[in-house]
Amino acid sequence: MKKILFGAFAALYALMSATSCSDTTKEIGSSLIQEESEVVIHNEFKVTGHTTPNQRIESRTIVQLLGDISAQGYGNFTSDFVCQFMPASKLVTEGVTADDIDSMKLILAYPNGGYVGDSIAPMGLEVFLLDKQLPSPIFSTLDPEEYCDTKKAPLASKIYVGNAQGENDSIRGLSYREIKIDLPLRLARDLFNLYVENPSAYAFPANFAKYFPGIYVRNSFGSGRVTQIQRTNIIMYYHTVGTDSEGKEVINRFEGNYFAVTPEVISNNNINFTIDPSLQAEIDGGANIIVAPVGRDIELTFPIEDVIDYYLANRGPLSVVNTLSMEIPAETITNDYGIEPPASLLLVLSAKKEEFFLNNSLNDDKTSFLANYNSATKSYSFTGLRNYFLNMFDQYNASGRIKPEDVTFTLTPVAVTTENTSSGYTSSVYVSAITPYIGKPAMVRLDLDKADITFQFSKQSLK
């Protein structure tokens, strides 16, 4: 425990004017002028926890994972995906007929390095047309065989690698890579005719899905890479016939980016994970390990009653709670694919985890908290636990007890979306969305035994 003394009470008075706790027992007055303020810092609290299965997640992202890896120290991870498409509200039809449609391509785009595994390993994919509407909500345990007939020939197929070898300099210089898959010309012309004959089918995604339920894309052969696709769209190529200034016939070629996977349509990663026996042996031995996107979370018990007991035993006649934080050391787990710790973790009351994601919630720093991985300190730091303490302290005062569901938390990986705002000469970044983590395989070992829970409060004491 650390104690810090300040000679003047004025600083504490200013702090109390801004934030106060419900346990104030003495009015501030002239008789307190000769009193001192003391800042108490205590960090001898222990958190306990255990690894728990996280078998399914809800895909609330347009990111799509495709591939298969078996990594020593991690396990076997496979993912394919199903998706609907957002149609363009308007297609070019003036001077164009179905016979003028030349081709159509499915484009899967991912950033340079947007994969785990071997960039040069050839892998194959197959595309199937869905024949049934996708459910909502939709989870990673979905069986795509229930929504399309994979016994039929695929709609399209492709062999691809993860780098730009053999491409020209302009392609190699791009910040992203594309997998381009030729789709049947008959499908392109059917979709064009659908718009001509029934434009209302393109008015809303739900309308369009009745006629074109979407696609299923799966790995057909090869292993050693999982690609993180961040943009999926369908481009239609067509032509018109005109004349030049001399009256000669000219063929003009165009392309329309008419269909795309967006947040408004249903998309899902169908994920299977089998943990490496050596990793499971660690967990069985008591190690606290997180594996993502699916795999393992950590459930922990936060010692809030110990914090409250310490506060009650050491507070003064007038006390103000300053901060409560928790920093958890993190270790990278040795593996042969460079799998790293997840970028962000959500600490959420276990009883509210499902509700948190279903309601598209943001961390409220009362029942849910956010921390990013710090590669310099190799830790996750949850700094905003003060309001949680105040809520639990009020509950303790009211009932004399803390309910078990209010101290049981789950640590789970999440994807965090941020946005920038500016006003005048100042700008700020705020969190706009927190969703279940769908990204490259990730894992981390957390050392709860060395977690640093630091509690700080100020109290008034007589000279």
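# A tour from ring pairs to backbone oddities

Start by selecting Tyr311 and Phe457, both of which are buried. Keep in mind along the way that this is a predicted model.

**Stop 1: the aromatic pairs**

With those two side chains shown as sticks, look at how their rings meet. Tyr311 and Phe457 make an edge-to-face aromatic pair, with 5.1 Å from centre to centre and 90° between the planes. Now colour by secondary structure: Tyr311 sits in helix α6 (residues 304-314) and Phe457 in strand β26 (residues 452-461), so the pair links distant parts of the chain, 146 residues apart.

Next, widen the selection. Ring pairs connect Phe45, Tyr310, Tyr311, Phe389, Phe393, Phe455 and Phe457 into a cluster. Across the whole structure there are 25 aromatic pairs. For another one, pick Tyr195 and Tyr202: the ring centres are 5.1 Å apart and the planes meet at 80°, so this pair is edge-to-face. Tyr195 and Tyr202 are both buried.

**Stop 2: two arginines over rings**

Select Arg56 and Phe139. Arg56 lies over the face of Phe139, 3.7 Å from the ring centre. Then move to Arg231, which lies over the face of Tyr176 at 5.6 Å from the ring centre. Hold on to Arg231, as the next stop passes through this residue again.

**Stop 3: a five-strand sheet and its helix**

Switch to a cartoon view and find the open sheet of five strands, ordered β6-β15-β14-β7-β11 with antiparallel pairing. Its edge strands are β6 (86-87) and β11 (176-183), each pairing on one side only. Inside the sheet, strand β7 (residues 101-111) and strand β14 (residues 231-243) run antiparallel and are joined by eight bridges. Here is Arg231 once more: this residue of β14 is the bridge partner of Ala109.

Now add helix α3 (residues 185-197). Helix α3 packs on the sheet and touches β7, β11, β14 and β15 (249-260), with its direction at about 100° to that of β7.

Within helix α3, select Leu194. Leu194 counts as buried because its relative accessibility is 14%, and the cut-off for buried is under 20%. Beyond its neighbours within four places in sequence, Leu194 is in contact with Pro199, Ala201, Tyr202, Phe208 and Tyr211. Tyr202 may look familiar from the ring pair with Tyr195. If you draw a distance from Leu194 to Tyr211, 17 residues along the chain, their C-alpha atoms are 8.5 Å apart.

**Stop 4: strand β19 and its partners**

Select strand β19 (residues 319-331). This strand pairs with strand β22 (residues 379-382) in the antiparallel sense over four bridges, and Ile328 stands opposite Tyr380 in β22. β19 also pairs antiparallel with strand β25 (residues 442-446), over two bridges. There, Ala330 stands opposite Leu446 in β25.

Now go to Phe369, in strand β21 (residues 368-374). Is Phe369 buried or exposed? With a relative accessibility of 1%, Phe369 counts as buried. Show what surrounds this side chain: leaving out residues up to four places away in sequence, Phe369 touches Leu345, Leu346, Leu347, Asn363, Phe382, Gly384, Leu385, Tyr388 and Phe409. Phe382 is 13 residues from Phe369 along the chain, and their C-alpha atoms are separated by 6.6 Å.

**Stop 5: backbone oddities in the loops**

Turn to the backbone torsions. Most residues other than glycine have a negative phi, and most peptide bonds are trans. A few places here depart from that pattern.

- Ser136 to Pro137: this peptide bond is cis, with omega near 0°. Pro137 lies in the loop between β9 (123-129) and β10 (156-160).
- Ala292 to Pro293: this peptide bond is also cis, with omega near 10°. Look for Pro293 in the loop between β17 (288-292) and β18 (295-301).
- Asn360: phi is positive, at about 55°, although this residue is not a glycine. Asn360 is in the loop between α7 (353-358) and β21.
- Lys378: phi is near 50°, again positive in a residue other than glycine. Lys378 lies in the loop between β21 and β22 and, at 48% relative accessibility, counts as partly exposed.

**Last stop: the whole view**

Finally, zoom out. The protein has eight helices and 26 strands. Of its 463 residues, 48% count as buried. Among contacts between residues at least 6 apart in sequence, 80% join residues at least 24 apart. Turn on the surface to finish: the protein exposes about 22,100 Å², and carbon and sulfur atoms supply 48% of that area.

Methods:
Residues numbered from 1 in each chain as written. Predicted model: local features only at pLDDT ≥ 70, side-chain atom pairs only at ≥ 80, totals over all residues. Heavy atoms only, no water. Phe/Tyr/Trp six-rings, centres within 6.5 Å; stacked < 30°, edge-to-face > 60°. Buried < 20%, exposed > 50% of the residue type's maximum accessible area, 1.4 Å probe, protein only. Lys NZ or Arg CZ within 6 Å of the ring centre and 35° of its normal. Contact = heavy atoms within 4.5 Å. Areas by Shrake-Rupley, 256 points an atom, 1.4 Å probe, with all protein chains shown as cover. Pairing = 2+ DSSP bridges. Axes fitted to C-alpha atoms, helices over the stretch in contact; angles between N-to-C directions.
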